[in-house]
Amino acid sequence: MLCSIGLLAQPYYYFAPHVHDHWEICYYVRGMGVVTIGDERFQFAESDVIIQPPHIPHSEESQQGYENIHFVLDELPQSLCHVRQLRDTSTNDLRALLMMVYRSYFWQASPNEALIGSLMEVIYQYMQILSSGGVRNKYVEQMKAIIISNMSNREFSLSNMYREIHLNEDHARRLFQAEMHVSPLTYLSQLRVRRACSLLGTADDRITVRQVGELVGIDDPYYFSRLFKQYTGQSPRHWVKQQRGQ
């Protein structure tokens, strides 16, 4: 359960050693420095998360100053109790969630415990994903975020994406393949077919294959049908019939 949440909105340079009876988690919004937890030292920078266990002295120091979002919890999921440091995604998804909790906590005279509890569950899931490794190359994270945001965009171009992140096309593809085990084009195609399955599975008979293709970013209905069959083994219409048991 969330006990409190706060925001350091101006630079701090030193926080003397202190102890909490609860877990404290700090998300560093700006700056860089060192956190000392007991006998361990952890360097932090913008978008880093430090998890500080209860009953252990900890302190912070920074030459240039730091700002953070910090929150205190009476307990932490067991899967996160051994973790001391995480790094947010390149799109700062965890930070966005924490700011939602911060605003919700102070929005009303009394915190909306149901809403905050639900948001904290999502935050725990995010933290568990970040702690398990996964995609850590910042360029691969950027490419994933761009592709996900543009999977339904019929004007989207992978070549433009490579220029946007300032990477050579071949190098970008190799980085993506090394971490994701598929090429950027294959990843985009998989997402589009996955989205198409979702649309076809919930839409009525009036929606056409062309319309579904356009909704997932593909103008050519024949290319869409070929792509769909490549990943599902069936044409869109046959896939729908099978799902409905016809």
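**Exercise 1. Leu76 and its surroundings**

Find out which residues Leu76 is in contact with, leaving aside its neighbours within four places in sequence.

*Solution.* Start at Leu76 and skip the neighbours within four places in sequence; the contacts are then Trp23, Ile25, Ile51, Cys81 and Tyr124. Keep in mind that you are looking at a predicted model.

Next, place Leu76 in its wider setting. The largest nonpolar core has 29 residues, and Leu73 and Leu76 touch the most other members. Two or more residues of this core come from each of β1 (2-7), β3 (23-31), β6 (48-52), β7 (58-73), α1 (93-107) and α2 (113-131). With seven residues, α2 gives the most. Apart from this core lies another one, of 18 residues, including Met143, Ile165, Val182 and Tyr187.

**Exercise 2. How α1 and α2 pack**

Describe the packing of α1 and α2 through their axes, their crossing and their contact residues.

*Solution.* Two packed helices are described by the angle between their axes and the distance between the axes.

1. The axes of α1 and α2 come within 10 Å and cross at roughly 160°. Angles over 145 degrees count as roughly antiparallel, so α1 is roughly antiparallel to α2.
2. The hand of this crossing is left-handed.
3. On the α1 side you will find Asp93, Leu94, Leu97, Leu98, Met100, Val101, Ser104 and Tyr105. They meet Leu115, Ile116, Leu119, Met120, Val122, Ile123, Tyr126, Met127 and Leu130 in α2.
4. Sorted by class, the contact of α1 with α2 has 15 nonpolar residues, one polar and one charged.

**Exercise 3. How α6 and α9 pack**

Work out whether helices α6 and α9 are roughly parallel, roughly antiparallel, roughly perpendicular or oblique to each other.

*Solution.*

1. Helix α6 spans residues 184-202 and helix α9 spans residues 236-243; they pack at an angle of about 55°, with their axes 10 Å apart.
2. Angles under 35 degrees count as roughly parallel and 65 to 115 as roughly perpendicular. The angle of about 55° belongs to neither group, and α6 and α9 are therefore oblique to each other.
3. The crossing of α6 past α9 is right-handed.
4. In this contact, α6 provides Cys197, Leu200 and Gly201, while α9 provides Pro236, Trp239 and Val240. Five of the contact residues are nonpolar, one is polar and none is charged.

**Exercise 4. Val34: buried or exposed?**

Locate Val34, decide whether Val34 is buried or exposed, and list what Val34 touches.

*Solution.* Look first at strand β4 (residues 33-37), where Val34 is found. Its relative accessible area is 14%. Buried means under 20%, so Val34 is buried. Not counting residues up to four places away in sequence, Val34 touches Arg41, Phe42, Gln43, Phe44, Ser59, Glu60 and Glu61. For a sense of scale, Phe176 is 142 residues from Val34 along the chain, and their C-alpha atoms are separated by 32 Å.

**Exercise 5. Two histidines with positive phi**

Give the place and the exposure of His55 and of His166, and say what is notable about phi in each.

*Solution.* Most residues other than glycine have a negative phi. Phi of His55 is near 70°, a positive value, and phi of His166 is near 60°, also positive.

Now find their places. His55 sits in the loop between β6 and β7, whereas His166 is in the loop between α4 (158-164) and α5 (169-180).

Last comes exposure, which means over 50% relative accessible area. His55 is exposed at 55%, and His166 is exposed at 71%.

Methods. Residues numbered from 1 in each chain as written. Predicted model: local features only at pLDDT ≥ 70, side-chain atom pairs only at ≥ 80, totals over all residues. Heavy atoms only, no water. Core = buried A, V, L, I, M, F, W, Y, C linked by side-chain atoms within 4.5 Å. Buried < 20%, exposed > 50% of the residue type's maximum accessible area, 1.4 Å probe, protein only. Helix = DSSP H or I, 4+ residues; strand = E, 2+ residues; numbered from the N terminus. Contact = heavy atoms within 4.5 Å. Axes fitted to C-alpha atoms, helices over the stretch in contact; angles between N-to-C directions. Left-handed = near helix turned anticlockwise from the far one by under 90°. Nonpolar A, V, L, I, M, F, W, Y, C, P; charged D, E, K, R; others polar.
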